[in-house]
Amino acid sequence: MAAIEVHNLSKCYGGVRALDSVSFAVERGELFGLIGPDGAGKTTLFRLLATLLNADEGVATVDGFDIKSDYRAIRSRVGYMPGRFSLYPDLSVEENLRFFAALFGVTIEESYDLIAPIYKQIEPFRTRRAGKLSGGMKQKLALSCALIHRPSVLFLDEPTTGVDAVSRSEFWDMLAGLKKRGITILVSTPYMDEASRCDRIALCNEGHILGIDTPEGIVRGFDKKLYGIGAKNMYALLERARRADGVEDCYPFGEKHHLVADEGFDKGRFKALLSDVEGLEIVEAEPTIEDMFIKLMKR
Amino acid sequence: MMRGNFLSFVKKESLHILRDKRTMLIVMLIPVVLMILFGFAISTEVNNVNVAVVAAERSDGVRDAVERLSHNEYFTFKGYIAQDKIDSYLRSGKVGAVVVFAADYDRCAELAKQGVEEKPIIQLIVDASNVNTAGSATAYLQGVLLGTASEQAMFETRMLFNPQMKSAYNFVPGIMGLIFILVCAMMTSVSIVREKEVGTMEVLLVSPVRPVKIIFAKMIPYFAISCIVLVMILLLARYLLDVPMTGGVGGIFSLSLLYLVLSLSLGLLVSTIATTQMAALLISAMVMMMPILMLSGMLFPIENLPKFFQVVSNIVPARWYIDAVRKMMIQGLPLVAVWENCVILLGMTVALLGVSLKKFNDKLE
Amino acid sequence: MTDIVISVRDLTKRFGDFTAVDRISFDVLRGEIFGFLGANGAGKTTAMRMLCGLSYPTSGSGTVAGYDVMREGEKIKHHIGYMSQRFSLYNDLTVWENMRLFAGIYGLTKRETEERAAELLDRLNFSSERNTLVGSLPLGWKQKLSFAIATIHRPEVVFLDEPTGGVDPVTRRQFWEMIYEAAEAGTTIFVTTHYMDEAEYCSRVSIMVDGQVRALDTPARLKQQFSAESMDEVFRTLARGAQRGE
């Protein structure tokens, strides 16, 4: 049986459908990413699976237990790190960890081997108040707390939001380490570039899942030809390129704009048409998850 | 859940409180400051009370009495005034007391001496806005005047501006009613709601521990603080304010413990409604503080309230608590004498605890 | 009128023993999109506060929109626009009411407000939403509106503090197009972001580490200098050496 199974799960707040008939499954030991912007329904999904909310429709199981009828069993098996800073700012690093250990009826010593790779990095500051830690350190403490009872499934709701690129990268290294120990991890992020660190991802937007696959599989689904175009004046180029024949879409993408070519597109003709543009260059580009997301969103 | 765990929750909660030194200090200081303030505000010494006299005719008896007043070092005779000036003299503070002799005072006194008629009446009208001085001034005046009239007069005393003779002692039960709501209801609700705001509540709820246990662990330190405050208040009342408490300290203490539990349940109820600390504070202030100040008899006697508010005051727990403590503390009644109040408070506690525990579920909705 | 809109030399801010910003110097030209990057705790926020006239430097010198950062903080505030992800607009006011409020804050006359509001709404294609409550708009629209309102008084420079956090990729791009457009029209943009691909949209990028500006150049030249594939790599190479946390 899969570690997490979700069938047609829906949740409404007032009149708004935060989650609209979502289905997916996460295998045991898998690192599964929910990728999408604010309002995609990621937090609602986590709260449903963590048994904090009741679903309006649909069923789901976590570690084989039903989220509705067996929610107590689930609570002792999952580790949950909510999106907000979820530690006591007035307690020290160690006091926080001790409290969460007591909450699950374990001691720090019992789980030390599991949390050590993460906790060791903040242990030198164990008497410091959690509120005085840096963003990256808070994140490490929160993860240590979520792991203290050796959960089989880990829910991480936007753990890297608001954290700088270096700390984010370190965090993903830690998750890779936990995955090796057989923990199933469901993690959400608004950063598309983090998707490649997952085994499989679900692209989410406005309560729907736009697509589920491995990061490579998602990218392979991009069936149009993609070009990167550049010029001295990038903004003017954007306007011009959009009006050209056979251009399905054109949008800024890092140092170059990405141009999604339609059937009628011809590179030579495009160059000729924009021959007056200073410093024009056009090269073939590899699609990324973000290109696919944009494509799926616009469909 | 193991007992060791429960203790570790209590410890964690105590750490929160101990680290928030400012709030802690305020909670401990407020009752002390209030008690000391009232303690010093009370002055029972009679000094230089200005007295005016109303007499239709300045008969021998009247003059005799005035003579004694003027020679007494505690009173200053301010002269004779007309009947219709009494109120304005008292109100403006020109005099602290007015002695009114009946028109036929001398004749009545003479007849009374012969046993023909009842004793003449000397009316004392006293400004009672300062309760303690008014009390002793009255007694003193009677003493001075009786020297002349001894058996031949009866006194009729009217206390103006504060007819119930509400003394500063009366504020002690009021302070208790207020401070325990502040500590138990307001502080617990804010501390529970803080966990919702910070996001730790989500993690607590997802743990296998029943949240109700965590909540109870949360209440214990606040309960302990309240007990310390209670002891402090009782000690200050007894030794600083000389409140007699002949009804027995044990009774007051037991009743207060019941009131503490009631306040904690109220705090829990607020925490299930409010989602932000600000909201919890507002609800506590509007729904609990205001009624306690206005409708519990702490500031205004309930019988003086408009009929509608008298009815409303019945659902304010502090009203029953303050009333009972007042009876035990000042009138010296034993706990059994206020059994009705106890039953009402117990009923309220059970109801509140029931509702709030039912409302407090282990989901976010 | 000079073409340097922001110019700082050895700008320093100390809090007790702690040097949050350590002698930073740079110039920002008119119409530039200047990316201001740094790890958490590198001193970005403190530096930005000084440039916005919200806090005075401990030492150093500089001008923003022609006013002295050491002495004319109040004047600076009138000539810049500011938008952050956290505080943007009042959800319980309509689009027009928000515009009128901010126009009033910056001292626009009634006529100027009308004209400018009409112009901005027209450019955003928002004219039909004039009386809609801001709270009922989608996040992406709010952010675009928020940017438009930050420019309502035609400031010389607009400071954007992580303006696109949590926004979907399509809206994020629409937002950047607005920024391009404003820069094209001569407004200087000073922006912080956690998205490294957005750093590539900037004319020039500075990267702060431990309170100092460690790198400052066009994205292309920075990548060359650090022989990196992307700005993400450049950033990580620099930030890895950071000594201090937040």
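## Exercises on a predicted three-chain model

B:Arg326 has its place in helix H13 (residues 317-329) of chain B; helices (H or I, at least four residues) and strands (E, at least two) are DSSP runs, numbered from the N terminus. This is a predicted model, in which local features need pLDDT of at least 70, side-chain atom pairs count only at pLDDT 80 or more, and totals for chains, interfaces and linings use all residues. Residues are numbered from 1 along each chain as its sequence is written, while chains are lettered from A and ligands numbered from 1 in the order in which they are written.

### Exercise 1

Work out whether B:Arg326 is buried or exposed.

Solution. Start with the rule: a residue is buried if 20 or more other C-beta atoms, placed from the backbone, lie within 10 Å of its own, exposed if 12 or fewer, and partly exposed in between. Next, apply it: B:Arg326 counts as buried because it has 22 C-beta neighbours inside 10 Å. To place B:Arg326 further, look at B:Val32: the two are 294 residues apart along the chain, and their C-alpha atoms are separated by 19 Å.

### Exercise 2

Describe chain A as a whole, then its domains.

Solution. Begin with the content: chain A holds 10 helices and 14 strands. Its C-alpha atoms fill a box of roughly 70 × 45 × 35 Å along the principal axes, and 47% of its 299 residues count as buried.

Then check the confidence. The mean pLDDT (the predictor's confidence in each residue, from 0 to 100) of chain A is 93, and 100% of the residues score at least 70. Among the elements of chain A, strand S3 (residues 31-35) has the highest mean, 97, and H8(A) the lowest, 91.

Now split the chain. Domain 1 covers 4-214 and domain 2 covers 221-297, with bounds that come from an automatic or database domain assignment. The C-alpha centres of these two domains of chain A lie 37 Å apart. Seven residues of domain 1 are in contact with six of domain 2, where contact asks for C-beta atoms, placed from the backbone, within 7 Å. On the domain 1 side, strands S9 (200-205) and S10 (208-213) of chain A each supply at least two residues, and S10(A) gives the largest share, three residues.

### Exercise 3

Find which pair of chains has the most contacts, and describe both surfaces of chain A.

Solution. First, rank the pairs: of the two pairs of chains that touch, A and C have the most contacts. Chains B and C do not touch, and their nearest C-alpha atoms are 17 Å apart.

Second, take the side towards chain C. Here 27 residues of chain A are in contact with 29 residues of chain C. Among the elements of chain A that each supply at least two residues are helix H5 (135-147) and strand S12 (247-253), while H10(A) gives the largest share, five residues. By class, this side has 14 nonpolar (Ala, Val, Leu, Ile, Met, Phe, Trp, Tyr, Cys and Pro), eight polar and five charged residues; Asp, Glu, Lys and Arg count as charged, and the others, Gly among them, as polar.

Third, turn to chain B. The contact takes 24 residues from chain A and 23 from chain B. Helix H2 (71-75), strand S6 (78-81) and helix H3 (93-103) of chain A give two or more residues each, with the largest share, four residues, from H3(A). The side of chain A that touches chain B divides into 14 nonpolar, four polar and six charged residues.
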